[in-house]
Amino acid sequence: MFSKDEKSTKETETIIGQSVKVKGDFNGEGNVIIDGGFEGTLKTLGNLFFGEKSNIIAEVSGNNAKILGSVKGNIILSGCLELGKNSSISGNISAAALSVEQGSVINGQVSIGASSTENTISENS
Amino acid sequence: MHVYVYDTRLENAKYHQTLARIETRLTDLGLNGKIVRLNPMHNLERTIRDELRPDCTIVLVGNDSLVNMAINILIGHEALIGIIPIGKDNNSIATSLGIEPELAACDTLSARRIIHADIGVANESAFLNQLNITTNHALIDVDSNLSLEIEAPTEINVSNLVSLDLATDNKSSHEDGLLELTMKTLLKKGMFTKAETSQTFIQKNNFLVNGDFTALADNSTEIKAPVKISVLPKALKIIVGRKKVI
């Protein structure tokens, strides 16, 4: 999903660095990397990477995602979700596949599989 | 027809030899035309307005500040612009456009590779290459949808043509109708640790930057905050070099 540096910067439309706080609605088509704070809604057709120090309070949707930080809000993905060892999710997850590292915390409903993802996305849209 | 506009600093005797060589080269290439030397009697605005004709190529002989002043006057006009950069300093616009200084720029003029370039607009001022801001605190509105808050020493760069120090390989284009905002924020540094920076990159076409700072457009024009930044797509016809970075 993300190349050698874990987060590919190629074709990345948006990068939010550490110590930057973002509020609002983001709609994009490319990959998004967040190492800082984000509050609102975050939708992209591309992949998502949330770094270790990321603090996301948002409804998130995208293709694939790798999360190493904290997310409060529902996550809807058409692809895979990868949760790193110190990641923390408070919200429902819907994705085609899920990989969870030891130490990750999930509080919410998890729905995995292509059909459930499509259903959830169409219901939401 | 070519009109060559010489920057005021070229009155200095140290440039006379360089200018003589350029004029000879232009004559050899069949590109000779009218020369206007800017001075208190011939200001840039009046010169450009007097010389503007549909078939006219305005060639700016100087550095970034002359080009920046000229594009502010030429927005909305059909004139074709050429650049002959003099010296190596403050020529970031020419460098982005692949125009090498002095004699080599004459060959670029002769080749006539023309692009329709986007123009960035910050408040009432136009910029061709980039806008730079250094601040400790700023609030940035992006397309009226997103707001970014910065509370640390940060260098903000809004690029129209090219970002030379990007955190992403996403290339900017001279005609994509988008601006690239990059920010380098200094993270807290410990007594024995090196200072680190975090990078932010957003590609959109409207930004509003609030804070206590003065922005610098094309390394030449100062603009007071708040700065409203937008882009005019394909607003300028300009002759570029073969090795343009954009």
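In what sense, and over how many bridges, do strand β5 (residues 113-122) of chain B and β16(B) pair? In the predicted model considered here, β5(B) and β16(B) pair in the antiparallel sense, and nine bridges connect them. Within this pairing, B:V121 is placed opposite B:S230 of β16(B).

Strand β16 (residues 227-240) of chain B also takes part in other pairings. With strand β4 (residues 80-85) of chain B the sense is parallel and there are two bridges, and here B:I81 stands opposite B:I238 of β16(B). With strand β13 (residues 207-211) of chain B, by contrast, β16(B) runs antiparallel, the two being joined by three bridges; B:L208 has B:K228 of β16(B) as its bridge partner. Strands of a sheet pair through backbone hydrogen bonds, in either a parallel or an antiparallel manner.

A further sheet draws on both chains. It is an open sheet of twelve strands with mixed pairing, whose order is β13(A)-β10(A)-β7(A)-β5(A)-β3(A)-β1(A)-β12(B)-β11(B)-β10(B)-β7(B)-β14(B)-β15(B). The edges are occupied by β13 (97-100) of chain A and β15 (221-224) of chain B, each of which has a single partner strand, so that one side of each lacks a neighbour in the sheet. When direction is ignored, neighbouring strands of this sheet are turned against each other by 15° on average. Among the pairings of chain A, strand β7 (residues 65-67) and strand β10 (residues 80-83) are parallel and share three bridges, and A:I67 has A:L83 in β10(A) as its bridge partner.

The helices of chain B were examined next. Two packed helices are described by the angle between their axes together with the distance between those axes. For helix α2 (residues 44-51) of chain B and helix α3 (residues 64-74) of chain B, the packing angle is about 50° and the axes lie 10 Å apart, which means that α2(B) is oblique to α3(B). The crossing in which α2(B) passes α3(B) is right-handed. On the side of α2(B), the contact is formed by B:L44, B:E45, B:I48 and B:R49, and on the side of α3(B) by B:L66, B:M69, B:A70, B:I73 and B:L74. Seven of the residues in the contact of α2(B) with α3(B) are nonpolar and two are charged, with no polar residue present.

Helix α3(B) is itself mostly covered, with eight of its eleven residues buried. The buried residues of α3(B) are B:D64, B:L66, B:V67, B:N68, B:A70, B:I71, B:I73 and B:L74. Following α3(B) is B:G76, which has a positive phi, near 90°.

A second helix pair in chain B consists of helix α1 (residues 16-28) and helix α5 (residues 103-111), whose axes come within 9 Å and cross at roughly 25°. The angle is under 35 degrees, and α1(B) is therefore roughly parallel to α5(B). As α1(B) passes α5(B), the crossing is right-handed. The residues that meet are B:R21, B:I22, B:R25 and B:L26 of α1(B) and B:L103, B:C106, B:D107 and B:L109 of α5(B). By class, five residues of the contact between α1(B) and α5(B) are nonpolar and three are charged, while none is polar.

How values were computed
Residues numbered from 1 in each chain as written. Chains lettered and ligands numbered in written order. Predicted model: local features only at pLDDT ≥ 70, side-chain atom pairs only at ≥ 80, totals over all residues. Heavy atoms only, no water. Axes fitted to C-alpha atoms, helices over the stretch in contact; angles between N-to-C directions. Helix = DSSP H or I, 4+ residues; strand = E, 2+ residues; numbered from the N terminus. Parallel < 35°, antiparallel > 145°, perpendicular 65-115°, else oblique. Left-handed = near helix turned anticlockwise from the far one by under 90°. Contact = heavy atoms within 4.5 Å. Nonpolar A, V, L, I, M, F, W, Y, C, P; charged D, E, K, R; others polar. Buried < 20%, exposed > 50% of the residue type's maximum accessible area, 1.4 Å probe, protein only. Pairing = 2+ DSSP bridges.
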